[in-house]
Amino acid sequence: MDTARPFFTVVGKLETSMKQKLLFSIGLVISVVILNFFLIRLAPGDPAITLAGQAGGADEETLAHIRQIYGLDKPLFTQFFLYIGKMLTGDLGTSYFYNLPVLDLIRERVFPTLLLVISSLFISVGIGTILGVLAARNPRGLLSYFVTFFSLGGYSVPTFWLGQMLLLAFAWYYPIFPIGGMQGFRVEGFLPQVADIAMHLFLPALSLGLAFMAQYSRVARASMLEVLGSDFIRTARAKGAKESSVLFVHGLRNAILPVITLAGLQLGQVISGAVLVETVFDWPGLGRLAVDSIFRRDYPTVMGILFASAVVVVVINLLTDVVYRWADPRLRTNGGH
Amino acid sequence: MSDPILQVDQLCVDFKTKSGPVRVLNDVSFSLSAGETLGIVGESGCGKSMTSLAVMGLVPKPNGKIVSGSIYYEGEDLVQAPEKRMRQIRGGDISMIFQEPMTSLNPVFSVGKQIGEAVKLHEDVSRKEINERVIDVLTRVGIPDPVKRANDFPHQMSGGMRQRVMIAMALVCKPRIIIADEPTTALDVTVQAQILELMLKLQEEENTAVILISHDMGVISQVSDRVLVMYAGRTIEEGDCVSVVQESAHPYTKGLISCIPDIEHTKNMAFSDRLPVIEGIVPNLITIGDGCAFAPRCTLADDACRNWKTGPVQVAGTHLASCRKIDGSMA
Amino acid sequence: MKPVDTIPKPQSPLREAVVVFFGNWAAAFGLLILMIVIFGSIFGPAIYGVSPQETVNAPFLGPMVDSSSPLGTDYIGRDVLAGILNGGSATIMIGAAAALVAVVIGITIGSLAGYYGGLTDTLLMRFTEFFQVLPALLFVMVLMTLFTPSIQTTVIGIGLVMWPPTARLARAEFMRLKTMDYVRAERAMGARDRRIIWQVILPNAMPPLIAAAALVIGVSILFEAGLSFLGLGDPNIRSWGEMIGSNRDYIFDSPWAVFFPGIAIFLTVLGVSLVGDGLNDAMNPRFRER
């Protein structure tokens with residue numbers, strides 16, 4: 001879906017202060033907690049059974065235990081505060097499948113997911129912007145048409161299918177990359193381990209990033225075309241600056257701003273895509289855990305992951321906002337130093 | 001008067017449009033001497049900005065092209081010069097100040113950095129010295145507290161200050177020629193006067209030649225040593241300021257001069273009197289043809305004028321005009 | 001090009017829209033693809049006649065190895081082409097239905113926010129932002145597991161996460177249109193808010209919304225494919241996503257069973273996107289790119 005167009009009108013309005021953003025982010029996380037709370041109780045059936053998981057095969061003792069810690073026989077208000085209280089102390093519930101606190105499970109798998117998401121962001125924003133900028137240099141050229149087609153086609157490709165096709169092509173028929181997982185066996189030493197993870201990371205990150213790369217290249221091209229028509233570009237040329245400097249220093253610094261904004265807004269979609277990609281590539285992250293837990297009816301874990309992913313989105317969103325404010329000085333100062 | 005440092009000869013620039021190529025500059029010729037101020041005046045669209053862009057080698061690429069003619073700068077023909085040489089000249093030998101100070105500076109870089117870039121591009125000096133030069137030139141253009149201001153961003157400055165920054169950027173490499181394209185049009189009237197004064201002062205200090213482009217005849221007549229009048233892409237009158245303004249030869253120039261509001265005259269006007277105007281509108285460059293471009297609007301024109309391929313006619317001394325009806329001439 | 005902000009007449013300039021739309025070859029091409037896909041989904045199963053669910057041939061046959069199964073068979077001998085022809089209707093209908101839900105919710109919320117402004121607007125927009133930040137797939141996955149998976153839950157689930165962009169667009173349109181003279185005229189005549197929103201402004205806001213809706217359909221199809229791939233869709237429906245998912249373990253033995261359904265999804269979404277973009281250009285001169 002081409003959400004780039006309506007967002008062009010939204011992009012200019014990113015002037016809420018950092019304080020407001022922070023407050024809003026906290027509010028968001030709390031809203032997810034509230035959402036979780038009500039979802040469990042809205043589901044058909046006994047909430048205790050839902051929380052126990054294991055396809056309802058829990059024994060009476062476990063159920064009673066659950067009823068007690070969640071206060072399920074108490075009034076709704078009390079339940080709610082109990083729930084918030086548990087969240088604040090970091091108690092996200094227990095997985096009855098693993099017999100472990102959900103928080104521990106999540107902690108183990110946060111890093112791989114973050115690694116995947118952030119690398120795919122780098123790929124999609126980085127390559128997308130470069131493609132868009134180069135295409136803008138020659139609006140009627142080959143690269144420009146390529147960007148147009150790519151941006152439409154790239155967004156129509158199902159991410160998980162793309163991952164599988166890349167697997168087939170580059171891990172099976174031409175086995176350059178490993179088939180799945182994050183690390184190989186018996187790899188010793190820091191540098192070899194990093195290289196090993198990088199090899200495992202490449203195809204998943206590419207699959208996840210490609211659809212967004214398509215979009216960003218289109219946005220970058222449009223933005224760059226607009227920037228290239230600006231007066232200050234004319235000034236730069238009049239100063240005698242090299243054309244490459246005009247494009248990549250003067251132009252790019254301005255053109256990249258809408259791309260960064262858009263990237264921040266699409267994080268939820270990236271996380272969703274990560275769930276699919278982790279499944280395809282057997283990547284040991286939160287997404288894979290979520291899918292597995294769903295089939296095991298391990299609801300506490302699933303809800304915990306929903307909460308954790310919302311936190312991840314909010315945090316990366318804040319970081320993106322910081323980056324954007326650094327990049328555009330007009331947002332930094334509020335009238336003089 | 002010294003030898004001209006800039007000599008433009010029969011410059012023709014074409015622009016590609018949907019209806020075919022349009023000649024936006026037609027046999028433009030003029031000269032500029034060291035340290036002198038040349039004012040180029042004319043209506044919007046007459047080609048004054050395009051002339052300056054052509055000198056700088058900045059004619060908009062895909063559609064515009066210098067078709068014929070030459071631009072001699074200190075003996076070198078800029079039309080033939082390779083891009084690398086033009087880059088050396090831009091900002092270093094010949095620099096330009098544009099009309100809209102609000103948008104002519106890059107919003108994401110500090111003012112000091114942008115001025116410093118101009119230095120870095122043309123001279124091989126240390127970072128420390130670049131900073132010193134930046135502060136120095138900011139002081140000269142009259143920006144208070146230059147050390148602090150150098151780190152400011154354009155959006156933190158007023159329009160007048162930004163234009164001073166633009167001037168600073170144009171000056172910092174001590175160019176021989178500065179082209180100022182409507183530098184004060186976008187500014188408040190009080191600021192206008194300040195900026196003009198500043199430019200004159202700096203010009204005197206450095207003996208820089210200035211080409212001042214404006215549609216405001218009043219400004220031009222106050223500030224220029226010599227004046228060039230343009231119309232529909234052609235140069236139609238050239239000469240020293242006093243001659244052109246007080247003894248205008250071309251009917252268009254006469255019309256322009258008479259349009260300058262004169263408070264004495266207006267005080268004595270009756271309510272139903274009208275201010276002087278030049279009848280008609282600027283011609284469409286696509287359909288203009290070869291004859292005198294002003295003929296359709298000229299009160300003196302006859303059929304021969306419409307077919308006359310224009311050329312400069314000497315009025316007196318260095319005062320030239322492209323009209324065949326000038327007293328004593330028979331073109 | 002039409003001047004921006006011409007006061008729209010109650011009937012949309014349909015003729016001009018149609019002309020622009022078909023002049024845009026990409027949109028026409030997209031429409032062609034869609035026609036083929038829809039035609040194939042409606043008539044294909046009857047013409048081809050092979051059952052998608054039953055074992056009809058030896059498993060792991062490659063494409064054209066046996067001419068009775070032109071696209072090959074999967075790991076239990078089911079015909080791939082049959083699966084594609086039959087899966088189309090499920091995939092497209094779920095996608096379209098979910099898009100409908102999303103658009104209805106979006107228009108409702110967006111119109112109220114845009115029309116009333118003020119506190120209503122702020123609250124509704126925060127609400128919208130919340131749904132935009134929430135990782136959509138995870139949320140729907142949670143919904144699908146708490147409430148048993150079926151077509152209805154899939155449609156509602158997807159609709160619940162797809163509405164924010166439509167809401168924003170509707171809000172922008174309503175904010176723009178409520179200042180129009182004919183709205184003021186209605187109010188001067190004493191029309192109630194409800195009438196103004198639904199019968200006066202909304203018909204004029206439709207053009208860009210229709211274009212946006214087309215694009216939402218595309219994303220909904222992708223979403224449904226992702227859900228079924230994970231095994232979370234209605235277990236009785238063999239949509240294209242489900243085909244890819246169930247053949248996942250055998251991808252190295254029968255890659256065609258995964259390849260062809262994916263191509264089908266890609267072409268369908270591409271067609272929808274091209275048509276949606278074409279509609280956008282035709283109906284929304286403000287957003288035309290140069």
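## Sheet of chain B and the contact of chains C and A

In this predicted model, E11(B) and E12(B) form a hairpin with two residues between them, and B:Gly317 in the turn has a positive phi of about 55°. Helices (H or I, at least four residues) and strands (E, at least two) are DSSP runs, numbered from the N terminus. Residues are numbered from 1 along each chain as its sequence is written, chains are lettered from A and ligands numbered from 1 in the order in which they are written. Local features need pLDDT of at least 70, side-chain atom pairs count only at pLDDT 80 or more, totals for chains, interfaces and linings use all residues, and side-chain values use heavy atoms, with hydrogens and water left out.

The hairpin belongs to an open sheet of eight strands in chain B, with mixed pairing and the order E6-E7-E8-E3-E9-E10-E12-E11; two strands pair if DSSP finds at least two bridges between them. Strands E6 (94-97) and E11 (313-316) of chain B stand at the edges with a single partner strand each, so one side of each is left without a neighbour in the sheet. From one strand to the next the twist averages 20°. Two antiparallel pairs of this sheet are set out below.

| Strand pair | Bridges | Residues opposite each other |
|---|---|---|
| E9(B) (226-231) and E10(B) (234-240) | six | B:Val227 and B:Gly239 |
| E11(B) and E12(B) (319-321) | three | B:Gln314 and B:Leu320 |

Helix H6 (residues 159-171) of chain B packs on the sheet, touching E6 and strand E7 (177-181) of chain B, and its direction makes about 175° with that of E6(B). Helix H10 (residues 251-259) of chain B also packs on the sheet, touching E9 and E10 of chain B, at about 105° to the direction of E9(B). Contact means heavy atoms within 4.5 Å, and axes are lines fitted to C-alpha atoms, for helices over the stretch in contact, with angles from 0 to 180 degrees between N-to-C directions.

Between chains C and A, 52 residues of chain C are in contact with 58 residues of chain A. The area buried there (accessible area, 1.4 Å probe, lost on putting the two parts together and summed over both) is about 5,000 Å², of which carbon and sulfur atoms give 78%. One salt bridge is counted between these chains, with a side-chain nitrogen of Lys or Arg within 4 Å of a carboxyl oxygen of Asp or Glu as the criterion; C:Asp277 forms a salt bridge with A:Arg218, the closest N and O atoms being 3.3 Å apart. On the side of chain C that touches chain A, the largest share, 14 residues, comes from H10(C).
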